[in-house]
Amino acid sequence: MCKCSAAFYITLGFVSLWTTVPSTGSCDCSSENLNLLKHKCNNTEGVSDLACYIKYIKNQHMSFCEWTGNMSTSYTLYTIQRKCSCIAVHQKDNIWTSIDFRVVLQWNVTAHVIASSKDQSSCTYKNFSGIPSMMTMCGPHSTITHERSSGNLTVLVEWGNEKQDIKSFLVKYREFNTTRWKEQQSIDNKKGILLNLTPSLHYELQTQCVSNEKCVHCPLSKVIKVPPELIDAPSIQLETQDHQHLSISPGQRKVVVKWEYANSEAVDNYSVTVRKVSGEPSNRDSFSTKDSSLTLVLSYSAYNISIKALNRAGSSPVSSITIEQMDEWRDMFGPFTVNITSNNSFSLSWSSSDSSVCYSVEWWAKGQRPAFRPFYLQMQKEKTVKTESIFRPYARYYFFLHVRPYIDTCNMKNVNGSETTRGTAQTYFIEGSPISAPGNVSTLNITQHSSVITWSPVSEEDLRGFLLGYYIYLTEDNNETSFKVDPSVNSYELQNLESNSVYRVQLSAFTAAGEGERSDYTHFVTNPPDFTALNSIIAAVVVGIIILLLAVHFSIRLLHRAKKLLWPSIPNPENSNAVQKIEIAYELGIVEPLIRQRLEESEGCDSSTVCVIGSKREASLLSSPPTTLLLSEDEDSPSIPEEIASPDIPTQVPTREPAVKETFPTDLNKTDSILSTSFNEEVTSFKSKDPGETASNPTVSDFIPASQPAVVFMSDYTTMEIFQQVTMTGIQGPSIQAVKPELVAVHTGQDYIRQSYFLQETVKEPPGAFNGTDFLNTEITVL
């Protein structure tokens with residue numbers, strides 16, 4: 001055992017004052033001293049997690065001891081392997097680590113740590129013992145990175161000088177604020193992948209190497225917190241201000257880029273990349289910020305802006321937006337002309353008062369990626385540029401000229417605020433005439449003498465040159481008229497048209513190379529002359545009359561329907577099919593038996609019976625004796641003389657059969673049958689007693705054929721209705737004489753008998769019978 005002298009302790013104390021190596025106590029490694037410290041320093045605090053290990057650094061093994069302590073305590077480390085050594089220690093983050101000390105791998109080594117308080121009132125003793133060959137340790141890692149994507153976590157580890165001894169490693173992980181750890185072994189010693197993680201959750205992880213011959217001990221690394229995965233892309237908004245704002249120079253524009261992220265708490269910062277669409281590089285085109293907006297000052301070129309969110313777990317998907325080129329202010333830059341001299345060269349000329357020497361020109365055709373060429377030009381204001389690209393005929397090319405505030409090199413150093421547009425131009429290598437006509441030709445606001453025609457312009461690809469205007473062809477009755485309009489308009493009003501006329505319209509566009517295709521015909525008809533106030537009044541009156549007639553018609557029909565429904569009418573016998581048409585010959589045949597028959601005096605003639613007394617036809621044309629028709633309601637009434645002599649009866653009276661007495665019951669339902677029976681009785685023809693008797697006194701039966709059939713009445717009420725009408729007509733005739741006052745009136749229930757008796761008309765006599773017309777003068781007397 002080695003005894004340390006007092007001079008050593010004094011020298012070590014002075015060194016400790018001027019170095020970072022803490023002072024150690026007396027280096028007395030004797031067994032007596034160690035046993036005394038072991039029994040004396042029984043405090044359990046001050047030293048924890050004491051371990052000694054061997055590390056291979058640059059193919060050499062080195063020995064270290066390490067423990068956890070605090071700054072208010074002094075520590076002394078003794079190592080004993082055949083001899084005693086006092087080892088200096090240093091501290092970092094409350095981790096005390098010794099310097100390298102030499103050991104033999106096959107021999108046992110013991111380390112003793114004495115921790116003493118500053119006032120020497122308490123001390124702590126700890127020791128460690130082991131064989132160095134079994135104490136080799138690898139890890140923890142020197143650096144670690146991790147990245148989350150699509151629910152997976154990729155862990156990348158660097159092991160420093162031990163990477164050749166470590167074959168693989170383990171990754172222990174768990175969800176944040178949980179206790180259950182999971183384990184996943186890596187593929188190699190660099191990369192480990194954790195699958196099927198929840199993107200929105202925080203995780204914690206640790207790493208340690210897998211033990212082998214050269215890495216007996218593999219301590220766990222510190223706990224590393226992994227933030228959630230950024231699965232959404234930021235949403236971008238642009239706000240652009242041009243040179244009209246006082247803070248912006250002509251040829252530049254201020255672009256304020258703003259964005260939002262749904263889970264902004266999980267974001268550490270944002271990465272913004274701004275590049276020209278032409279692809280021209282810049283020394284600085286990326287910006288990192290924790291804000292959610294960025295202000296840029298850009299030229300009139302087109303730019304691509306991409307933004308992604310970042311945290312320690314990785315990055316979000318990229319969100320991109322394009323700022324289109326700005327061509328609205330081309331006239332403010334002054335003259336700037338471009339002439340394509342060949343299919344691979346062009347010349348530029350411009351006028352500018354600035355002293356810039358660095359320029360950049362961009363050109364492109366529609367649908368192509370812009371090309372660029374920076375150049376240096378000190379005094380001249382024109383430049384011929386040869387390109388590798390080929391210019392095509394009938395294609396429009398766009399040119400932008402930019403200046404940069406550099407004097408040494410014209411390459412773009414910073415995309416933000418280092419470029420200004422000085423001119424824009426458009427040109428063709430070779431122009432052509434349009435290959436299509438204006439589209440969507442239509443007519444609007446058609447009036448009596450005018451119409452507005454509208455159309456959509458020809459596309460740039462079909463135009464094949466600079467548009468100079470449009471031709472409008474108007475045709476009426478094969479008479480065509482043309483108009484030329486400016487290229488800036490897409491509508492035109494046709495005036496001085498004829499009213500109520502048919503027109504056809506065609507359009508075509510023209511360039512410097514000529515006129516293009518015509519559109520299809522579009523037809524329209526102008527309005528007829530307007531209605532005057534009088535025409536309007538007449539039309540209103542006609543419409544009113546029509547409406548009134550329709551209203552009256554429907555009202556009548558409605559009233560007719562209501563009348564039928566509420567007050568049904570009694571059928572008109574005249575329109576009934578049951579009534580037979582009675583000819584005059586039959587009427588006479590019906591009346592003749594009535595004339596011939598008399599009412600006899602019989603006890604059976606009473607108020608319930610009807611007695612008919614016939615009269616003979618007189619030869620006189622102006623008068624006829626009345627024939628009395630006795631209507632009796634009672635068969636037992638006093639009899640009436642068979643004949644009533646008329647004072648006008650001539651001396652020569654033909655003999656006749658006695659009058660047939662007919663009795664008519666008052667029952668109206670039997671009337672037709674009784675009449676039919678009476679009419680079927682034999683009628684005796686008139687016979688003259690004297691052959692020489694003149695033909696002036698024939699009877700009615702002389703003119704009625706005996707074979708003529710009797711008329712049959714179809715029903716009671718129809719016969720009564722017809723007779724009522726005839727009776728009213730017959731009463732008004734001049735040939736009807738007054739009824740004798742001594743006769744009684746007819747009962748209303750038997751009235752139709754009297755009415756039927758009055759049914760008579762003038763009968764045209766057969767030629768040669770007698771001169772004059774006979775009138776049948778009868779009188780009906782109701783007793």
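This section describes strand pairing, salt bridges, aromatic pairs and a nonpolar surface patch in a predicted model. Local features were accepted at pLDDT of at least 70 and side-chain atom pairs only at pLDDT 80 or more, whereas totals for chains, interfaces and linings use all residues of the predicted model. Residues are numbered from 1 along each chain as its sequence is written, and side-chain values rest on heavy atoms, with hydrogens and water left out.

Helices (H or I, at least four residues) and strands (E, at least two) were taken as DSSP runs numbered from the N terminus. Two strands were considered paired if DSSP finds at least two bridges between them. Under this criterion an open, antiparallel sheet of 3 strands is found, with the order E9-E10-E13. Strand E9 (143-149) and strand E13 (191-194) occupy the edges; each has a single partner strand, so one side of each lacks a neighbour in the sheet. From one strand to the next, the twist averages 15°, where axes are lines fitted to C-alpha atoms (for helices over the stretch in contact) and angles run from 0 to 180 degrees between N-to-C directions.

The antiparallel strands E9 and E10 are joined by 7 bridges, and histidine 146 has valine 155 in E10 as its bridge partner. The hairpin of E9 and E10 has 2 residues between the strands, and serine 150 adopts a positive phi near 55° there. Strand E10 (residues 152-158) is also joined to E13, again antiparallel, by 4 bridges. Here leucine 156 is partnered by lysine 191 in E13.

Salt bridges were assigned where a side-chain nitrogen of Lys or Arg lies within 4 Å of a carboxyl oxygen of Asp or Glu. The structure contains 13 such contacts. One of them joins the side chains of lysine 55 and glutamate 162, with an N to O distance of 2.5 Å. Because lysine 55 belongs to strand E1 (residues 48-57) and glutamate 162 to the loop between E10 and strand E11 (169-175), this pair ties together parts that are 107 residues apart in sequence. Both lysine 55 and glutamate 162 are buried; the classes used are buried (under 20% relative accessible area), exposed (over 50%) and partly exposed (in between), with a 1.4 Å probe and protein chains only.

A network of salt bridges links Lys276, Glu280, Glu362, Arg404 and Glu419. Within this group, glutamate 280 and lysine 276 have their closest N and O atoms 3.8 Å apart. Glutamate 280 is buried at 5% relative accessibility, and lysine 276 is buried at 3%. For glutamate 419 and arginine 404, the closest N and O atoms are 2.7 Å apart. Glutamate 419 lies in the loop between strand E29 (396-404) and strand E30 (420-428), while arginine 404 lies in strand E29, and the two are 15 residues apart. The relative accessible area is 2% for glutamate 419, which is therefore buried, and 1% for arginine 404, likewise buried.

Aromatic pairs were defined for rings of Phe, Tyr and Trp (its six-membered ring) with centres within 6.5 Å; planes under 30 degrees apart count as stacked, over 60 as edge-to-face and the rest as tilted. The whole structure yields 19 such pairs. The rings of tryptophan 455 and tyrosine 470 form an edge-to-face pair, because their centres are 5.3 Å apart and their planes stand at 65°. Tryptophan 455 is in strand E32 (residues 451-456) and tyrosine 470 in strand E33 (residues 469-476), so the contact connects parts 15 residues apart in sequence. Tryptophan 455 is buried at 5% relative accessible area, as is tyrosine 470 at 0% relative accessibility. A tilted pair is formed by tyrosine 471 and tyrosine 473, at 6.3 Å centre to centre and 40° between the planes. Of these two residues, tyrosine 471 is partly exposed at 22% relative accessibility, whereas tyrosine 473 is buried at 8%. Ring pairs also link Phe346, Trp363, Phe391, Tyr397 and Phe399 into a cluster.

Leu534, Ile538, Val542, Ile546, Leu550 and Phe554 make a nonpolar surface patch of about 580 Å². Patches comprise residues with over 30% relative accessible area and no salt bridge, joining like charges within 9 Å and nonpolar side chains (Val, Leu, Ile, Met, Phe, Trp, Tyr) within 5 Å. Accessible areas were obtained by the Shrake-Rupley method with a 1.4 Å probe, and for residues only the protein chains shown count as cover. Leucine 550 is located in helix H4 (residues 533-566) and is partly exposed at 44% relative accessibility.
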